[in-house]
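Okay, thanks for having me, everyone. I'd like to walk you through a structure that may be new to you, so have a look at the sequence and the model first.

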Amino acid sequence: MDMLVLSTAATALLANIGLGGGIFEHGVIDRAWPSKPEIVQPRKGGVSRARFWIPAHSAFELVLFVTLYLGWGHGGVRRALLVALAAHLAMRLWSAFDMIPKAIAFEKAEAVDEAAARDWTKRSLMRFPLALLTSLATLAAFGAACGLKPS
């Protein structure tokens, strides 16, 4: 199998794992934790979201950069991957400077304001379009790579 096809497939797979993780987090965890904050407080036996998100994002970003390197000479692949990179970067910057610090504060708090927690979960869902765009762009890159003639 062509290395670029394999790399774009891995990139798309990892992007979709992240998208699925976001859907699960919002659909299951975020619906419950504002009224029961211990669900997201590891020191109280709750889930550690970092145990999923740090490896998921790190693996995706590493493979994305390798795939960008491999696909740079192929316009369709490059353009799709640059769209994925831009969407992912926007989501990660937003997360790093807004969502993550607040999530950590909720995880460490003794008492959590339920209204503030519900507001956080609503704003967190607003990152979904960026994750979806990242996923779709990586799938487009995979499709473009599959359409290349072998050299």
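**A buried aspartate, and what surrounds it**

Let's start with Asp30, which is buried, with a relative accessible area of 3%. Keep in mind that this is a predicted model. Asp30 is found in helix H1. So what does Asp30 touch, leaving aside its neighbours within four places in sequence? The contacts are Glu25, Arg49, Trp120, Thr121 and Ser124.

Two of those names come back right away, because Glu25, Asp30, Arg49 and Glu107 are linked in a network of salt bridges. Take one pair from it: Glu107 and Arg49 form a salt bridge, with 3.5 Å between the closest N and O atoms. Glu107 sits in helix H3 and Arg49 in the loop between H1 and H2, so here we have distant parts of the chain being linked, 58 residues apart. Buried or exposed, what would you say for Glu107? Glu107 counts as buried, at 19% relative accessibility, and the cut-off for that is under 20%. Arg49 counts as buried as well, at 7%.

**More salt bridges**

How many salt bridges does the count come to? The count comes to nine. Here's another one: the side chains of Glu110 and Arg43 meet at 2.8 Å, N to O. That pair also links distant parts of the chain, with Glu110 in the loop between H3 and helix H4 (114-125) and Arg43 in the loop between H1 and H2, 67 residues apart. As for the surroundings, Glu110 is exposed, with a relative accessible area of 64%, while Arg43 is partly exposed, at 45%.

Then there's Glu61, which forms a salt bridge with Arg92, the closest N and O atoms being 2.8 Å apart. Glu61 lies in helix H2 and Arg92 in helix H3, so this pair ties together parts that are 31 residues apart in sequence. Arg92 counts as partly exposed, at 27% relative accessibility.

**Helix H2 and its two sides**

Glu61 takes us to H2 itself. This helix has 22 residues and reaches 30 Å from its first C-alpha to its last, close to the 32 Å expected at 1.5 Å a residue. Which residues of H2 are buried? They are Trp53, Ala56, His57, Phe60, Glu61, Leu64, Thr67, Leu68 and Gly71. If you look down the axis of H2, those buried residues fall within an arc of 135 degrees, so they line one face of the helix. Turned away from that buried side is a face with the exposed residues Arg51, Ile54, Leu62 and Tyr69. And what covers the buried residues of H2? The cover includes H1, H3 and H5.

**The nonpolar cores**

Now, a bit of background. In soluble globular proteins, nonpolar side chains tend to be buried together. In this model, the largest nonpolar core has eleven residues: Leu4, Val5, Ala15, Phe60, Leu64, Leu68, Val77, Ala80, Leu81, Ala141 and Ala145. At least two residues of this core come from each of helix H1 (3-32), helix H2 (50-71), helix H3 (75-108) and helix H5 (128-146). There's a second, separate core of ten residues too, and Met99, Ala103, Ala109 and Val112 are among them.

Back in the largest core, let's zoom in on Leu81. Not counting residues up to four places away in sequence, Leu81 touches Thr11, Leu64, Thr67, Leu68 and Ala141.

Thr8 is worth a look as well. Thr8 is found in helix H1, and at 1% relative accessibility Thr8 counts as buried. Again leaving aside neighbours within four places in sequence, Thr8 is in contact with Thr67, Val77, Thr138, Ala141, Phe142 and Ala145.

**Aromatic rings**

Last topic. The count of aromatic pairs comes to four. In one of them, the rings of Trp33 and Trp120 have their centres 5.9 Å apart and their planes at 65 degrees, so the pair is edge-to-face. Trp33 lies in the loop between H1 and H2 and Trp120 in helix H4, so the pair ties together parts that are 87 residues apart in sequence. Trp33 is buried, with a relative accessible area of 0%, and Trp120 counts as buried at 3%. Add Phe106, and you have one aromatic cluster of Trp33, Phe106 and Trp120.

And that brings us back round to the start, since Trp120 is one of the residues in contact with Asp30.

Definitions and conventions:
Residues numbered from 1 in each chain as written. Predicted model: local features only at pLDDT ≥ 70, side-chain atom pairs only at ≥ 80, totals over all residues. Heavy atoms only, no water. Core = buried A, V, L, I, M, F, W, Y, C linked by side-chain atoms within 4.5 Å. Buried < 20%, exposed > 50% of the residue type's maximum accessible area, 1.4 Å probe, protein only. Helix = DSSP H or I, 4+ residues; strand = E, 2+ residues; numbered from the N terminus. Contact = heavy atoms within 4.5 Å. Expected span 1.5 Å × (residues − 1). Arc of directions from axis to C-beta. Salt bridge = Lys/Arg side-chain N within 4 Å of Asp/Glu carboxyl O. Phe/Tyr/Trp six-rings, centres within 6.5 Å; stacked < 30°, edge-to-face > 60°.
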